[in-house]
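Me: Please take one close look at the places in this structure where there is room for something other than protein. What lines them, and what is held there?

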Amino acid sequence: MENPYDYMQTALDELSAQGNLRILPHALHEGRYLYAAGQKMLNLSSNDYLGLAADLELRTRFLESLTPEDFLPSSSSSRLLTGNHPAFDELETALARLYGAESALVFNSGYDANTGILPAIAMQDDLILADKLVHASLIDGMRLSRAHWLRFKHNNVKHLERLLALNASNYRHVIIVTESLFSMDGDEAPLRELVRLKQLYPNVLLYVDEAHAFGLRGPRGLGCCEEQGCIGEVDFLMGTLGKAAASAGAFVICRRVIRDYLVNHVRPFIFTTALPPVIAKWSRHVLHLLPEMGERRQRLDQLARHLRRALREQRIKCPSTSHIIPLLIGDSAEAVRRAEDMQRRGFYVRAVRPPTVPEGTARLRISLRADMTDEEMEQLITYIPKM
Ligand code: PMP
């Protein structure tokens with residue numbers, strides 16, 4: 001009889017040999033900086049793209065507005081039981097109003113939203129067509145659903161067009177799934193083209209994950225759908241609150257009938273304790289300020305353009321059109337070594353390895369932040385080619 005723990009040790013040893021073993025890093029935070037192993041580093045690995053999570057003044061103003069009665073650190077139940085505090089209704093009303101949509105529904109996380117919504121809406125006579133590079137939470141959502149699913153080549157409208165032409169009439173519904181701004185490549189989906197394809201068929205729905213674009217893109221920071229003028233054409237517009245919005249949780253913008261259906265069918269919505277109401281209040285607080293944060297968005301855009309230009313000048317290939325800048329390395333162990341090198345130079349950049357990214361495409365993922373200085377950017381640029 002084999003010791004049931006042995007296979008775990010073997011699996012860990014294999015990951016280690018491939019350079020893919022993950023361990024929890026220890027770090028202390030101080031605004032945009034992070035301290036680890038006695039070193040102070042600019043944090044270029046978080047999703048605090050606008051620097052709002054690091055903004056002490058923003059937090060202080062919010063805390064000053066709270067009373068002990070408002071400061072509810074627990075919902076104490078799911079929203080369908082007693083956990084539906086007014087803070088959730090206020091947040092959802094504000095979100096729906098901001099998007100000019102019929103309704104919004106808040107989830108405990110983006111992972112919950114993606115793994116919950118897809119199985120709830122896609123049945124065995126449905127087909128999901130997902131971009132090849134969508135996030136793990138969307139893949140898990142597809143796996144949990146009883147629908148058939150296929151992947152189209154990354155951002156390849158022609159491939160999607162062919163798959164739709166071949167399959168649409170054989171299924172009850174087809175759901176096109178994409179991220180708007182891809183988390184690991186930093187490039188963007190051709191949303192208007194996806195909308196055009198969807199509109200060719202009466203039974204096709206569009207699901208867009210705006211996790212890395214919410215707060216950042218479009219005149220009011222609502223995301224790429226706002227930027228590309230297609231909010232109203234997207235059936236499920238999902239955004240996360242734990243990234244640029246500096247809070248926690250996620251939301252979907254949708255028609256009222258969809259919201260009512262989701263409330264009745266999404267298991268990670270029904271069978272879980274709701275987020276702490278104070279988090280919903282904080283999200284509402286940030287949401288109120290986001291549309292006016294054009295300056296921070298412009299700053300981030302300017303920094304990103306500057307770095308991408310510098311990479312082009314040094315003939316370093318990079319697919320990004322945004323503030324997420326991947327530096328392709330390939331080998332996992334080499335990517336870790338180079339990340340450690342960047343860290344020694346004061347930039348907390350981490351290696352992203354398989355299975356988060358496809359095999360052989362380990363990379364350094366630089367998440368730019370609006371609150372970094374010009375000097376920090378210039379220094380970063382000088383270090384990159386010396387990696
Ligand atoms: N979608 C995408 C594209 C993501 O990158 C992430 C998180 N990295 C999620 C969903 C999950 O969101 P959350 O962290 O709120 O669970």
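Reply: Helices here are DSSP runs of H or I with at least four residues, strands are runs of E with at least two, and both are numbered from the N terminus. The model is predicted.

The second largest pocket makes a convenient start. Its space is about 500 Å³. Helix 13 (332–344) gives the most to its lining, with 5 residues. Strand 3 (39–43) and strand 13 also supply at least two residues each. In total 20 residues line this pocket, and Pro25, Glu340, Gln343, Tyr348 and Arg350 are the ones nearest its centre. By class the lining has 11 nonpolar, 4 polar and 5 charged residues.

The largest pocket holds about 1,200 Å³ of space. Its lining takes in 46 residues, and those closest to the centre are Arg22, His135, Met184, Val352 and Thr356. Two or more lining residues come from each of helix 4, helix 5 (136–144), strand 9 (236–240), strand 13 and strand 14. Helix 5 gives the most, with 5 residues. The classes in this lining are 18 nonpolar, 15 polar and 13 charged. Strand 13 thus appears in the lining of the largest pocket and also in that of the second largest.

The ligand sits in the largest pocket. Around the ligand there are 13 residues, with Gly110, Tyr111, Asp209, His212 and Lys243 the closest. Helix 4 (residues 110–121) provides the largest share of this shell, 3 residues. The shell divides into 2 nonpolar, 8 polar and 3 charged residues.

Several of the closest residues make polar contacts. A polar side-chain atom of His212 is 2.6 Å from a ligand oxygen. Gly110 uses its backbone instead: one of its polar backbone atoms lies 2.7 Å from an oxygen atom of the ligand. For Lys243, an N or O atom of the side chain is 3.1 Å from a nitrogen atom of the ligand. Taken alone, the ligand exposes 390 Å², of which the protein buries 79%.

Apart from the pockets, there is 1 cavity of 30 Å³ or more. The space in this cavity is about 40 Å³. Ser78, Arg79, Val106, Phe107, Asn108, Pro268, Phe269, Thr272 and Ala274 line the cavity. Strand 4 (103–107) and helix 10 (267–270) each supply at least two of these residues. The lining divides into 5 nonpolar, 3 polar and 1 charged.

Two details of the backbone complete the account. The peptide bond from Pro354 to Pro355 is cis, with omega near 10°. Pro355 belongs to the loop between strand 13 (350–352) and strand 14 (362–367), and these two strands are among the elements that line the largest pocket. The other detail is at Ser76, a residue other than glycine with a positive phi, near 65°. Ser76 is in the loop between helix 2 (56–64) and helix 3 (86–99).

Note on methods: Residues numbered from 1 in each chain as written. Predicted model: local features only at pLDDT ≥ 70, side-chain atom pairs only at ≥ 80, totals over all residues. Heavy atoms only, no water. 1 Å grid on protein atoms, 1.4 Å probe; cavity = no way out; pocket = protein on both sides within 12 Å on 5 of 7 lines; lining within 4 Å. Points joined across faces, edges and corners; volume = space filled by probe spheres on them. Nonpolar A, V, L, I, M, F, W, Y, C, P; charged D, E, K, R; others polar. Near = heavy atom within 4 Å. Polar contact = N/O pair within 3.5 Å; in protein donor to acceptor, adjacent residues only side chain to side chain. Areas by Shrake-Rupley, 256 points an atom, 1.4 Å probe, with all protein chains shown as cover. Sits in = over half its atoms within 2 Å of the grid points.
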